[in-house]
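Got the model open in your viewer? Let's walk through its pockets and its nonpolar cores, one selection at a time.

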Amino acid sequence: MSMLALKSQRVVLPEGERAATILIETGRISALLPYEAEVATAEVIDVGHRAILPGLIDPHVHINEPGRTDWEGFNTATRAALAGGLTSLVDMPLNSAPVTTSVANLELKKAATQGQLHCHVGFWGGVVPGNAADIEPLIEAGVLGFKAFLTHSGIDDFPNATEEDLRRVMPILARHQLPLLVHCELSEDNEDWKRNDPRSYPNYLASRPKKWEDDAVALMIRLCEEFDCPVHIVHLSSANSIAPIAAAKARGLPLTVETGQHYLYFNAEDIADGQTQFKCAPPIREQVNNDQLWAALQTGIIDFVATDHSPAPPDLKQLASGDFTTAWGGIASLQLALPVLWTAARRRGADLSDMARWLSANPAKLAGQAGKKGQIAPGFDADLIVFDAEQTFVVREEMMEHKHKVSPYLWQELTGVVELTFLAGELVFQRPDFRHLNHGTFLTR
């Protein structure tokens with residue numbers, strides 16, 4: 001592979017933003033040079049004042065293949081990723097069928113990627129009742145960590161883990177220093193809410209109270225401390241849990257936390273009855289709560305932001321009936337990860353260095369990619385994006401690469417457009433065209 005010199009007045013480095021030339025050889029960043037540097041032996045691409053960021057990493061994506069490929073699939077998900085500047089994804093162990101709770105099922109999932117792996121992809125294993133004996137073999141087979149639900153996952157083939165199940169698994173993960181990712185809701189069986197107005201968003205919101213989340217977070221903090229096992233709280237939505245999380249981090253516990261773009265961009269007050277495209281679990285909460293999530297993200301208590309891209313066929317979202325009691329809970333947003341967050345964050349004084357930290361560097365750490373992905377620095381993989389941070393656009397169905405176009409972001413005006421995406425120094429996406437497909441690799445620790 002020939003040498004490439006990628007130049008910009010706005011290169012987003014770990015120490016901040018500056019003009020620079022990124023020298024790329026054999027798929028990696030070999031040097032950072034002054035912007036004015038001339039490299040006679042390299043192909044030169046000068047993007048002017050458009051920003052260069054490290055490729056985005058989303059460690060919370062439901063690709064759903066095999067078994068529910070009609071919901072999404074590797075081809076459409078990883079195309080959407082490239083178009084949105086995401087160079088690495090980590091696939092959740094559900095909602096594929098079979099779920100990734102054994103080596104045999106992991107191999108079926110890997111086989112399903114053949115010919116349609118357009119960005120880098122890694123895999124989380126699943127923790128369910130009775131699969132403790134599968135944990136070590138899955139680690140040997142290359143999963144990056146494990147995911148558990150503390151409430152019903154939405155599909156019966158991925159039942160929730162109990163505290164007893166976690167106690168069997170966490171010593172193993174602690175020994176290997178692999179993270180346990182947890183959907184934190186300790187739910188109570190109560191179907192009374194379904195007898196109220198099924199189209200009411202406040203009714204749905206009240207059906208999943210903050211207490212469910214707060215009790216689950218408290219449990220995971222206790223287990224994290226007891227076993228010294230890395231614990232990662234996924235899609236935090238309850239601001240009540242911020243103080244205990246901050247205290248746990250202050251004690252040095254190996255605890256990390258993500259929230260989702262939808263909790264930072266939308267507020268419950270803005271969701272009309274019947275708008276089931278907004279249904280997710282935990283739910284999108286009120287503005288005063290979400291302002292606290294923003295403060296926790298900006299002070300580092302929340303480590304990063306991930307989409308929890310969880311699409312389903314339109315009929316499962318109950319758009320016609322607007323019935324929150326039966327609609328699938330999941331938000332499709334993978335391709336929009338950066339512009340959604342940037343649109344909301346720039347109003348709060350955030351800069352592109354924050355984007356690189358929240359969408360690249362910190363997710364890389366969780367996925368075991370620190371030191372090779374998530375930063376623009378010598379020795380790192382040349383997974384890079386070129387981003388026009390000022391250009392605006394309106395989200396329309398025809399621009400979405402996701403298999404299904406249902407999304408609460410449709411018709412939103414967003415700021416920030418991904419112009420170019422590079423995988424290992426190769427230009428794979430040049431808006432609106434895909435230049436090279438199937439150049440992704442499997443992520444390993």
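Start by selecting strand 16, residues 413-423. This strand makes the largest share of the lining of the second largest pocket, with three residues. Now add strand 15 (384-394), which also supplies at least two lining residues. Keep in mind as you click around that this is a predicted model.

The space you're looking at comes to about 310 Å³. To find the middle of this pocket, pick Ala-83, Gln-335, Met-399, Val-417 and Arg-431, the closest to its centre of the 15 residues that line it. Colour the lining by class and you'll get nine nonpolar, four polar and two charged residues.

Next stop: the largest pocket, with a volume of about 790 Å³. Which residues sit closest to its centre? Try His-152, Ser-153, Gly-154, Arg-208 and Ala-281, out of 37 that line the pocket. Show strand 10 (146-149) and helix 5 (201-207) too, since each gives the lining at least two residues. By class, this lining splits into 10 nonpolar, 19 polar and eight charged residues.

Now for the inside. The largest nonpolar core holds 111 residues, and Phe-146, Leu-166, Leu-180 and Met-220 have the most contacts within it. Helix 6 (210-227) gives the most to this core: eight residues. Zoom in on Leu-166: beyond its neighbours within four places in sequence, its contacts are Val-127, Ala-148, Leu-150, Ala-161, Pro-171, Leu-180, Met-220 and Leu-223.

Last selection: a separate core of 20 residues, including Trp-124, Phe-158, Val-234 and Leu-443.

Notes
Residues are numbered from 1 along each chain as its sequence is written. This is a predicted model: local features need pLDDT of at least 70, side-chain atom pairs count only at pLDDT 80 or more; totals for chains, interfaces and linings use all residues. Side-chain values use heavy atoms; hydrogens and water are left out. A nonpolar core is a set of buried Ala, Val, Leu, Ile, Met, Phe, Trp, Tyr and Cys residues joined through side-chain atoms within 4.5 Å. Buried means under 20% relative accessible area, exposed over 50%, partly exposed in between (1.4 Å probe, protein chains only). Helices (H or I, at least four residues) and strands (E, at least two) are DSSP runs, numbered from the N terminus. Contact means heavy atoms within 4.5 Å. On a 1 Å grid over the protein atoms alone, a cavity is a set of points where a 1.4 Å probe fits but cannot get out, and a pocket is an open set with protein on both sides within 12 Å along at least five of seven lines; lining residues have an atom within 4 Å of a point. Grid points are joined across faces, edges and corners, and a volume is the space filled by probe spheres set on the points. Ala, Val, Leu, Ile, Met, Phe, Trp, Tyr, Cys and Pro count as nonpolar, Asp, Glu, Lys and Arg as charged, and the others, Gly among them, as polar.
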